[in-house]
Amino acid sequence: MSEMSLKAYDHIQGYLTDRHQATINQEDLNAILRLSQHLRVFGLLSAVGYINQQNAQGGQVRERTVPSWKSLLVQQLELNQGTTATALMAHVIELQRNQPAQYLAQWRQSMVMSKHWNFWARACASN
């Protein structure tokens with residue numbers, strides 16, 4: 001088992017601990033799978049921007065998606081778990097503007113990590 005896979009397992013377990021859940025439910029699984037697609041198509045900044053949005057786009061999908069995306073991306077970027085959505089966004093904007101090579105590296109790592117998140121989310125799913 002690769003180091004990256006073990007790290008992804010820790011991220012999924014961290015998410016479950018934050019949510020006080022023993023297993024990944026179907027809605028969480030869909031949200032985690034959706035994160036990998038979003039990272040591949042729109043990028044890291046867009047994913048973090050989605051978490052940080054404070055607009056009228058509330059609703060059930062957003063309520064299911066934001067907690068898992070925030071937890072996994074905060075852990076991937078090695079930020080404090082208490083990091084707010086605004087601070088997460090500011091961190092990624094700073095990377096993009098001032099350290100573009102580091103931003104691209106983080107984006108690439110997040111895309112690679114998402115495959116492992118998907119695997120472990122499926123493995124930890126309730127059904």
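**Two exposed loop residues and a shared core**

In this predicted model, His 20 is found in the loop between α1 and α2. Its phi is positive, about 55 degrees, although His 20 is not a glycine. Most residues other than glycine have a negative phi, so a value of this kind deserves a second look. With a relative accessibility of 76%, above the 50% cut-off, His 20 counts as exposed.

A second loop offers a similar case. Glu 78 sits between α4 and α5, and its phi, near 60 degrees, is again positive in a residue other than glycine. Glu 78 counts as exposed because its relative accessibility is 62%.

Turning to the interior, the largest nonpolar core holds 33 residues, of which Ile 12, Ile 24, Leu 35, Leu 44, Leu 73 and Trp 117 touch the most other members. At least two residues of this core come from each of α1 (3-19), α2 (26-42), α3 (44-52), α4 (60-76), α5 (85-98) and α6 (100-123). Leaving aside residues up to four places away in sequence, Leu 44 touches Leu 39, Leu 73, Leu 77, Val 92, Tyr 103, Gln 106, Trp 107 and Ser 110.

How do α1 and α6 pack, and at what angle? Their axes lie 8 Å apart at an angle of about 60 degrees, which makes α1 oblique to α6. The crossing of these two helices is right-handed. On the α1 side, the contact includes Met 4, Ala 8 and Ile 12, and on the α6 side Val 112, Trp 117 and Trp 120 are among the residues involved. Sorted by class, this contact has 9 nonpolar, 3 polar and 1 charged residues.

Technical notes: Residues are numbered from 1 along each chain as its sequence is written. This is a predicted model: local features need pLDDT of at least 70, side-chain atom pairs count only at pLDDT 80 or more; totals for chains, interfaces and linings use all residues. Side-chain values use heavy atoms; hydrogens and water are left out. A nonpolar core is a set of buried Ala, Val, Leu, Ile, Met, Phe, Trp, Tyr and Cys residues joined through side-chain atoms within 4.5 Å. Buried means under 20% relative accessible area, exposed over 50%, partly exposed in between (1.4 Å probe, protein chains only). Helices (H or I, at least four residues) and strands (E, at least two) are DSSP runs, numbered from the N terminus. Contact means heavy atoms within 4.5 Å. Axes are lines fitted to C-alpha atoms, for helices over the stretch in contact, and angles run from 0 to 180 degrees between N-to-C directions. Angles under 35 degrees count as roughly parallel, over 145 as roughly antiparallel, 65 to 115 as roughly perpendicular and the rest as oblique. A crossing is left-handed if the near helix is turned anticlockwise from the far one by less than a right angle, and right-handed if clockwise. Ala, Val, Leu, Ile, Met, Phe, Trp, Tyr, Cys and Pro count as nonpolar, Asp, Glu, Lys and Arg as charged, and the others, Gly among them, as polar.
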